[in-house]
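Reader: I have just opened this one and would like to go through it piece by piece. Can we start with a loop and work outwards?

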Amino acid sequence: MSAHDSVELAAVRPDFAAIAAWIPKGASVLDLGCGDGSLLRFLRDMREVRGYGVDINDANIVACIRNGVNVIQDDLDTGLSGFESLSFDYVILSQTLQAIRHTEALVQEILRVGKAGIVSFPNFGYWRNRLKILCGNMPVSRELPYQWYDTPNVHLCTLCDFEDFCANQNVQILDRRVMTGGEQVKVLPNLLGSTAVYRFQRRA
Amino acid sequence: MNSLKSLGVVNAQRATFDTPLKFSSGAVLPRYELAYETYGTLNADRSNAILVCHALSGNHHVAGYYSDNPKNVGWWDNMIGPGKPVDTDKFFVIGMNNLGGCHGSTGPSSINPETGKPYGSSFPVVTVEDWVESQARLADRLGIEQFAAVLGGSLGGMQAMQWSLSFPQRVRHVLIIAAAPHLTAENIAFNDVARNAILTDPDFHGGDFYQYNVVPTRGLRLARMLGHITYLSDDAMADKFGRSLRAGKLGFTYDIEFEIESYLRYQGDKFAAYFDANTYLLMTKALDYFDPAREYGGNLDKAFSAAQANFLVLSFTTDWRFAPERSREIVHALLHNRRNVSYAEITSTHGHDSFLMQDQHYHDVMRVYLDRIAGDLSI
């Protein structure tokens, strides 16, 4: 991937740039629910990370290999038992949190395997989502592109929900970046932000 | 059927080695021959070579067919050829008959020059490590310092794995398909029953049946029938045969009645007609012995610490003889050693034999991985 491609990718996926900004050069990264491997490829090109992806989908495995990133086919809902404790600098869950069945167990696994974790997810509290529901329909948007009947998302949450969850799970939030259409949102993030990225670690 | 064209006519070759080979057992073979085939062209910097390792009943005839017998198509022809996942337009592919085999390389049925008789029971027990050593010698002979990839399924996957341990600098990529880091007790048990079928056949004569002009056909047939059952899946057998009766009704005899019986006996007969009983024993023993973690107190992570290659590990969902969990053990050991590794679990109904089948997704995974190798080498 050329630098030009990376710039384009960062424009399409603003959460990628936010994640890359937090990751030091040469870090080891495990990307859970890595999709076609774009993030790992981006991080490899921008940050020279040494990384592995985990995904369950056949087509994504092929796409990752084509992208030249390591990928392990596995089901995140059965845990990360093959990975040693604290074996990665960062464990990333990018736009996947909402599709995980055993959320509590996975977040604990992230902090077992990684020294720190990064998650990004669509903010269900974003005003457009709230408006859609007020008007009587489930929201469908760029961040939530599914109909209610075909969505893989089982655990949608708002920023407030996630932060409450972290407090209860003994998870310390280190950084937060909230965005809408690639622009950072600083005022009323739970209302005005469509996507959130968090960096966190186990509370000491 | 495969719509891509075959390699066409291929020729078997032979290389003679006069440097004695010392086996893991301590036995020494002073002189031996290796049968092999090559496909494609070795490039100027000799960087595009791929070694394909065969499994229990395989040989060096991996792809294409022989001019005098167009029906004798290589055992992995759907995988290897021009435009196929292992693309012979890009890679120089080598198939070799393992030492101890019965298809041209020196084995128990070969004549021992010292006695003028077949080696028979005197042929040493061979290990995966011994095979890899002999393969490296063939690579030397062909002027290949480093393989772009070594790959294989089942016992062939074990050889590919061993390459990364015996010769870490000589292999860039290792593709381990439907294999395991060692056999389980259950797996060894199947092999032992198969061996017992052969060893107890009165025509076996302690392995020296050649001089009696007989073949332990019954034992070999039983061994193959048992093996074959374990290479299939319950679902595949149910699909293909179910409870179908050849005569359409019960005969109240012990003759062949169910279609599955007919199929297994046919497979057994076919196999016993061409395969050497001693080679079968030797191959199953090599499977049983393979265990790179053994000298590290069972620690596979430590066993892989010498490995330098990049890895692709593949398993098949219905393979119960070399189950996906076993492949994951390999993957985890590689992860713990921070090796580059990708792992795919292919959905397939064909059991262990899936690795030989044409399957779109399986072949896609192989193709993109090998295309990356070709891309990295600019070939």
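Author: Asn170(A) is found in the loop between H7 and strand E6 (171–180) of chain A. Helices (H or I, at least four residues) and strands (E, at least two) are DSSP runs, numbered from the N terminus. This is a predicted model, where local features need pLDDT of at least 70, side-chain atom pairs count only at pLDDT 80 or more, and totals for chains, interfaces and linings use all residues. Residues are numbered from 1 along each chain as its sequence is written, chains are lettered from A and ligands numbered from 1 in the order in which they are written, and side-chain values use heavy atoms, with hydrogens and water left out.

Reader: What is phi of Asn170(A) near?

Author: Phi of Asn170(A) is near 65 degrees, which is positive in a residue other than glycine.

Reader: And is Asn170(A) buried, exposed or partly exposed?

Author: Asn170(A) counts as partly exposed, because its relative accessibility is 40%. Buried means under 20% relative accessible area, exposed over 50%, and partly exposed in between (1.4 Å probe, protein chains only).

Reader: Where does Leu86(A) lie?

Author: Leu86(A) is in the loop between strand E3 (70–73) and strand E4 (88–94) of chain A. Leu86(A) is not a glycine either, yet has a positive phi of about 50 degrees.

Reader: Changing topic: how many helices and strands does chain A have?

Author: Chain A has eight helices and eight strands. Of its 204 residues, 50% are buried.

Reader: What about the radius of gyration of chain A?

Author: The value for chain A is 16 Å, which agrees with the figure near 17 Å for a compact globule of 204 residues. The radius is taken over C-alpha atoms, and the globule rule is 2.2 Å times the number of residues to the power 0.38.

Reader: Now rings. How many aromatic pairs are there over all chains?

Author: The count comes to 26 over all chains. Rings of Phe, Tyr and Trp (its six-membered ring) pair if their centres lie within 6.5 Å; planes under 30 degrees apart count as stacked, over 60 as edge-to-face and the rest as tilted. One pair is Phe121(A) with Phe162(A), tilted, at 5.1 Å centre to centre and 50 degrees between the planes.

Reader: Which parts does that pair tie together?

Author: Phe121(A) belongs to strand E5 (residues 114–122) and Phe162(A) to helix H7 (residues 159–168), both of chain A, so the pair ties together parts 41 residues apart in sequence. Both Phe121(A) and Phe162(A) are buried. Ring pairs link these two with Phe165(A) and Tyr198(A) into a cluster.

Reader: Any pair in chain B?

Author: Phe147(B) and Trp163(B) are edge-to-face, because their planes are at 90 degrees, with the ring centres 5.3 Å apart. Phe147(B) is buried at 1% relative accessibility, and Trp163(B) is buried at 0%.

Reader: Which ring does Arg224(B) lie over?

Author: Arg224(B) lies over the face of Phe271(B), 4.3 Å from the ring centre. A charge sits over a ring if NZ of Lys or CZ of Arg is within 6 Å of the ring centre and within 35 degrees of the ring normal. The charged end of Arg170(B) sits over the ring of Phe167(B), at 5.8 Å from its centre.
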